[in-house]
Amino acid sequence: MAGSSHGHTPAAWTGVTIAFIGFCVAGAFMVMAQPVGFWAGMAIVVLGGVVGAAMRAMGLGQPKQQPLVVAHAAPAATREPAAAEG
C-alpha cells in the first residue's frame with residue numbers, strides 16, 4: 001500500500017486522533033478504577049468514528065474508487081488431449 005494515499009485525509013486523521021484521545025482517557029480511568037470515566041472515554045472513541053464518518057460524507061475523505069474491470073482473455077496455450085494407445 002505504499003503507493004496509495006490510504007488514510008491520508010483530514011477525515012481519517014481527525015477521526016483517529018479523537019478515538020486515540022478517547023482510548024487514553026478510558027485507559028487512565030480504568031487504571032484509577034473509575035467506571036464512569038472509563039465509559040466516558042469509550043464514548044469519545046465512538047465519537048471519533050462518528051466525526052470521521054461525517055467528515056468523509058462532507059467530502060473530506062478518500063474518494064470512492066471505481067471497481068477494477070479485468071477483461072478475461074482466452075488462454076494463450078491449450079492442452080492437447082492425450083492420445084489413446086492401443
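## Close-up views of a predicted two-helix model

The buried residues of helix α2 have α1 as part of their cover. The views below come from a predicted model.

**View 1. The whole chain holds 2 helices and 0 strands.** The protein has 86 residues, and buried residues make up 13% of them. Among contacts with a separation of 6 or more, 61% join residues 24 or more positions apart. The unreviewed UniProt entry annotates residues 12-32 and 38-58 as "transmembrane region". Residues 12-32 are 95% helix and 0% strand. The end C-alpha atoms of this stretch lie 30 Å apart. Residues 38-58 are 100% helix, again with 0% strand. Here the end C-alpha atoms are 31 Å apart.

**View 2. Helix α1 packs on helix α2.** The angle between them is about 175°, and their axes are 7 Å apart. Angles over 145 degrees count as roughly antiparallel, so α1 is roughly antiparallel to α2. By class, 17 nonpolar, 7 polar and 1 charged residues form the contact of α1 with α2.

**View 3. Helix α2 covers residues 35-60.** How far should the 26 residues of α2 span at 1.5 Å a residue? The expected value is 38 Å. The end C-alpha atoms of α2 are 35 Å apart, which agrees. Buried residues in α2 are G37, G41, G48, G52 and M55. An α-helix has 3.6 residues a turn, so residues three or four places apart point the same way. Part of the cover over the buried residues of α2 comes from α1.

**View 4. A11 sits in helix α1, which covers residues 10-31.** Is A11 buried or exposed? Its relative accessible area is 5%. The cut-off for buried is under 20%, so A11 is buried. Leaving aside residues up to four places away in sequence, A11 touches G52, M55, R56, L60 and G61. Two of these partners, G52 and M55, are themselves buried in α2. A11 and G59 are 48 residues apart in sequence. Their C-alpha atoms are 8.7 Å apart in space.

**View 5. G15 is another residue of helix α1.** G15 has 9% relative accessibility and therefore counts as buried. Which residues does G15 touch, not counting those up to four places away in sequence? They are G48 and G52. Both G48 and G52 are buried in α2. G52 is also touched by A11. G15 and G49 are 34 residues apart along the chain. Their C-alpha atoms are separated by 5.6 Å.

**View 6. C24 also lies in helix α1.** The relative accessible area of C24 is 37%. Partly exposed runs between the 20% and 50% cut-offs, so C24 is partly exposed. C24 and V45 are 21 residues apart in sequence. In space, C-alpha to C-alpha, C24 and V45 are 9.4 Å apart.

**View 7. A33 lies in the loop between α1 and α2.** What is the phi of A33? It is positive, at about 60°, although A33 is not a glycine. Most residues other than glycine have a negative phi. A33 has 60% relative accessibility. Exposed means over 50%, so A33 counts as exposed.

Terms used. Residues numbered from 1 in each chain as written. Predicted model: local features only at pLDDT ≥ 70, side-chain atom pairs only at ≥ 80, totals over all residues. Heavy atoms only, no water. UniProt positions renumbered as here; feature names shortened; annotations may be inferred. Helix = DSSP H or I, 4+ residues; strand = E, 2+ residues; numbered from the N terminus. Buried < 20%, exposed > 50% of the residue type's maximum accessible area, 1.4 Å probe, protein only. Contact = heavy atoms within 4.5 Å. Axes fitted to C-alpha atoms, helices over the stretch in contact; angles between N-to-C directions. Parallel < 35°, antiparallel > 145°, perpendicular 65-115°, else oblique. Nonpolar A, V, L, I, M, F, W, Y, C, P; charged D, E, K, R; others polar. Expected span 1.5 Å × (residues − 1).
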